[in-house]
Every structure is written in C-alpha cells, then in structure tokens.
Amino acid sequence: MDKSNEKHFGLRVDGDILAKFRYVSEYEGRSANSQIIQLMLKFIAEYEKEHGKIVLDDKN
C-alpha cells in the first residue's frame, strides 16, 4: 500500500463482534486492520467484475 495515500478510517462496532473478528483474523495470520483491507479489496473486485472498473476523480 502506498503510505502517501494512506487514510485513517474509524469504525464503531459491538465489542463482541470486534473480539471475534480479531480472533478469526489472528487465525488467518492477519491483524484486524489487514483483514478489513482484504475484505474491502474482495468487495471492490466483486463489484467491478459485475459493474466495470471504478474510475476515481482527483477529489476522492
């Protein structure tokens, strides 16, 4: 990931869900943050496969 384009993203989530997510992420050998990024990339890829590549303008 390009650190110069790295953004912070806050997330409110139930404590039990977060604890379970961290447990599963650790099982997969990832931090919770890395696991969220992987899920986001998969979600975007599935969208683009169906709808075409997302083109961002300079404002995003």
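Serine 31 is a useful place to enter this predicted model, for at a relative accessible area of 39% the residue counts as partly exposed, since that value falls between the limits of 20% for buried and 50% for exposed. Serine 31 sits in the loop that runs between helix α1, residues 15-27, and helix α2. From there one can look back towards phenylalanine 21, which is 10 residues away along the chain and whose C-alpha atom is separated from that of serine 31 by 9.6 Å.

The same loop between α1 and α2 also holds arginine 30, and this residue, with a relative accessible area of 34%, is again partly exposed. If the reader measures from arginine 30 to valine 55, the two turn out to be 25 residues apart in sequence, while their C-alpha atoms lie 29 Å apart in space.

Moving on from the loop, one comes to asparagine 33, which belongs to helix α2. Asparagine 33 has a relative accessibility of 53% and therefore counts as exposed, the cut-off for that class being over 50%. Its C-alpha atom is 9.0 Å from that of arginine 22, a residue 11 positions away in the sequence.

Further along helix α2, which covers residues 32-51, lies phenylalanine 43. This residue is exposed, because its relative accessibility is 62%. Phenylalanine 43 is also part of a nonpolar patch on the surface, which it forms together with Met40, Ile44, Tyr47, Ile54 and Leu56, and the accessible area of these residues taken together is about 620 Å².

On the other side of helix α1 in the sequence, aspartate 14 is found in the segment before that helix. Aspartate 14 is partly exposed, with a relative accessible area of 44%. The C-alpha atom of aspartate 14 is separated by 33 Å from that of lysine 53, which stands 39 residues away along the chain.

Charged residues also meet in a pair, for the structure holds 1 salt bridge, and this contact joins lysine 3 to glutamate 6, with their closest N and O atoms 3.4 Å apart. Which class of exposure does each partner fall into, given 63% relative accessibility for lysine 3 and 40% for glutamate 6? Lysine 3 counts as exposed, whereas glutamate 6 counts as partly exposed. Taken over the whole protein chain, there are 10 positive and 11 negative charges, and the mean positions of the two sets are 1 Å apart.

With these residues in place, the chain can be viewed as a whole. The protein chain contains 2 helices and 0 strands, and its C-alpha trace spans about 35 × 30 × 20 Å along the principal axes. Its radius of gyration is 14 Å, whereas a compact globule of 60 residues would have a value near 10 Å. Of the 60 residues in the chain, 5% count as buried, a class that requires a relative accessible area under 20%. The protein chain exposes about 6200 Å² in total, and carbon and sulfur atoms supply 54% of that area.

Notes. Residues numbered from 1 in each chain as written. Predicted model: local features only at pLDDT ≥ 70, side-chain atom pairs only at ≥ 80, totals over all residues. Heavy atoms only, no water. Patch = residues over 30% accessible without salt bridge, like charges linked within 9 Å, V, L, I, M, F, W, Y side chains within 5 Å. Areas by Shrake-Rupley, 256 points an atom, 1.4 Å probe, with all protein chains shown as cover. Salt bridge = Lys/Arg side-chain N within 4 Å of Asp/Glu carboxyl O. Helix = DSSP H or I, 4+ residues; strand = E, 2+ residues; numbered from the N terminus. Buried < 20%, exposed > 50% of the residue type's maximum accessible area, 1.4 Å probe, protein only. Rg over C-alpha atoms; globule rule 2.2 N^0.38 Å. Lys, Arg positive; Asp, Glu negative; His and termini not counted. Charge placed at Lys NZ, Arg CZ, Asp CG, Glu CD.
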